[in-house]
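Please look first at the sequence and the structure as a whole. The paragraphs that follow lead from the overall form of the chain to individual strands, loops and residues.

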Amino acid sequence: MNSSSRDGIRFLSKLTFRRIWNALKIIVGFYYSKIIQKPVMMGLPMSISFEPTTSCNLRCPECPSGLRSFTRPIGMLKEQLFKQTIDELASTLLYLIFYFQGEPYLHPQFLELVSYAVKKGIYTATSTNAHYLTDEQAKKTVESGLDRLIISIDGTTQETYQQYRVGGNLEKVIEGTKNVIKWKKTLNSSTPHVIFQFLVVKPNQHQIDEVKELAKQLGVDEVGLKTAQIYDYENGSELIPTLEKYARYQQQADGSYRIKNKLVNHCWKMWHSCVITWDGLVVPCCFDKDAEFRLGNLKEQTFTKLWNGEKYRSFRQTLIHSRQEIEMCKNCTEGTQVWQ
């Protein structure tokens, strides 16, 4: 059995009757909402993203954390806030992503938080730039029970890698990857499922085959090729790849660019998932990087009340009737990620 199959089976093993029933209610509510053109919520989210921190060691050009362009404060997720939310949602929550903005491994208790969720039977994943995967941290990562580890590696040479991962060191990424894979073997562990995530941009598009070969050499389980979100894409960008398959944007006759996706008046994410910032703000999705659309605060109310509250209902109603009114949705390309 290959690693992807084992990962799939491990994910399915997290299913319980309550989680399946909750998922069915969400699906029914979503499609019923589309039919009657009014938001109907019948369950709790199947998936959430929890932000460990907004701090980051790199300065990537299309990342608010890297650019230090946030209006919201930089900080670390409090253990109590995390645990009380997980305790409330554990029976229905299937998938937990420890990532939004920032570098998760900068949080001093990050792997303790992972272990807490793992003990609740939740499938756990994180995304990292891998600069802090020392031998000790790699061992703790494997021991934590983390199910999926996504490592950002946007180049196979330092020259190419640093064009997007500004301030990054490719050797550290490779060393950190080796450390995790070594400890998986030493501890005879099938987790975490290690993925090389390759953000395809013009400077690195020629290295797609090379990153696949590098992953094979290191023993990485999977390579994910991801399209890049560009904020000011209308007039083009040096980051937009010329390989159309991996570009979210298409050049028009007048030289300007437009997003490929057709904007439709619904969004599955608003029914099955959400994002929670390090300080307890609940926002619709990962496109709201500066937490502009704040649907509630977990320091002030329970998640269940917030999820079914007036702010969320109103936001879902806007999506159903006129998604074009929501600025962040205009650059949304849900479903364009290419996995190979």
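For a chain of 340 residues, a compact globule would have a radius of gyration near 20 Å; the value for this chain is 20 Å, and therefore the two agree. The model is predicted. Along its principal axes, the C-alpha trace extends over about 55 × 50 × 40 Å. The chain contains twelve helices and twelve strands.

How much of the chain is buried? Of the 340 residues, 55% are buried, where buried means a relative accessible area under 20%. The area that the chain exposes is about 15,600 Å², and 52% of it comes from carbon and sulfur atoms. The chain carries 43 positive and 35 negative side chains, and the centres of these two sets are 6 Å apart. Contacts also show how the sequence is folded together. Among contacts with a separation of 6 or more, 69% are between residues 24 or more positions apart.

Strand 9 is a suitable place to begin a closer inspection. Strand 9 comprises residues 273-276, and both of its faces are covered. On one side Ser-273 and Val-275 are buried, and on the other side Cys-274 and Ile-276 are buried as well. Which strands are joined to strand 9? Strand 1, residues 47-50, runs parallel to strand 9 and is joined to it by four bridges. Within this pairing, Ile-48 has Cys-274 as its bridge partner. Strand 10, residues 281-283, runs antiparallel to strand 9, and two bridges join them. Here Val-275 has Val-283 as its bridge partner. Strand 9 and strand 10 form a hairpin, with four residues between them. In the turn of this hairpin, Gly-280 has a positive phi of about 95 degrees.

A second covered strand is strand 4, residues 148-152, in which five of the five residues are buried. Its two faces can be listed separately: Arg-148, Ile-150 and Ser-152 are buried on one side, while Leu-149 and Ile-151 are buried on the other. Strand 3, residues 123-128, runs parallel to strand 4, and four bridges connect the two. At one position of this pairing, Thr-128 stands opposite Ile-151.

The backbone also deserves attention in several loops. Where does a cis peptide bond occur? Such a bond joins Thr-191 and Pro-192, with omega at about 0 degrees. Pro-192 belongs to the loop between helix 8, residues 170-186, and strand 5, residues 193-200.

Two further loop residues have a positive phi although they are not glycine. For Gln-37, phi is near 65 degrees. Gln-37 lies in the loop between helix 2, residues 17-36, and strand 1. Its relative accessibility is 32%, and therefore Gln-37 counts as partly exposed, a class that lies between under 20% for buried and over 50% for exposed. For Ala-291, phi is near 55 degrees. Ala-291 is located in the loop between strand 10 and strand 11, residues 296-297. Is Ala-291 buried or exposed? Ala-291 is buried, because its relative accessible area is 2%.

The last two residues show how the surroundings of one position can include other parts of the sequence. Ser-144 is situated in helix 6, residues 135-144. With a relative accessibility of 5%, Ser-144 counts as buried. Which residues are in contact with Ser-144, apart from its neighbours within four places in sequence? They are Leu-111, Val-114, Ser-115 and Val-118. The C-alpha atom of Ser-144 is also separated by 9.9 Å from that of Phe-110, and these two residues are 34 residues apart along the chain.

Ala-247 can be examined in a similar manner. Ala-247 is found in the loop between strand 6, residues 222-227, and strand 7, residues 249-251. Its relative accessible area is 6%, so Ala-247 is buried. Apart from its neighbours within four places in sequence, Ala-247 is in contact with Ile-240, Pro-241 and Lys-260. Ala-247 and Lys-202 are 45 residues apart in sequence, and the distance between their C-alpha atoms is 9.3 Å.

How values were computed. Residues are numbered from 1 along each chain as its sequence is written. This is a predicted model: local features need pLDDT of at least 70, side-chain atom pairs count only at pLDDT 80 or more; totals for chains, interfaces and linings use all residues. Side-chain values use heavy atoms; hydrogens and water are left out. The radius of gyration is taken over C-alpha atoms; the globule rule is 2.2 Å times the number of residues to the power 0.38. Buried means under 20% relative accessible area, exposed over 50%, partly exposed in between (1.4 Å probe, protein chains only). Contact means heavy atoms within 4.5 Å. Accessible areas come from the Shrake-Rupley method with a 1.4 Å probe; for residues, only the protein chains shown count as cover. Lys and Arg count as positive and Asp and Glu as negative; His and the chain ends are not counted. The place of a charge is taken as NZ of Lys, CZ of Arg, CG of Asp or CD of Glu. Two strands pair if DSSP finds at least two bridges between them.
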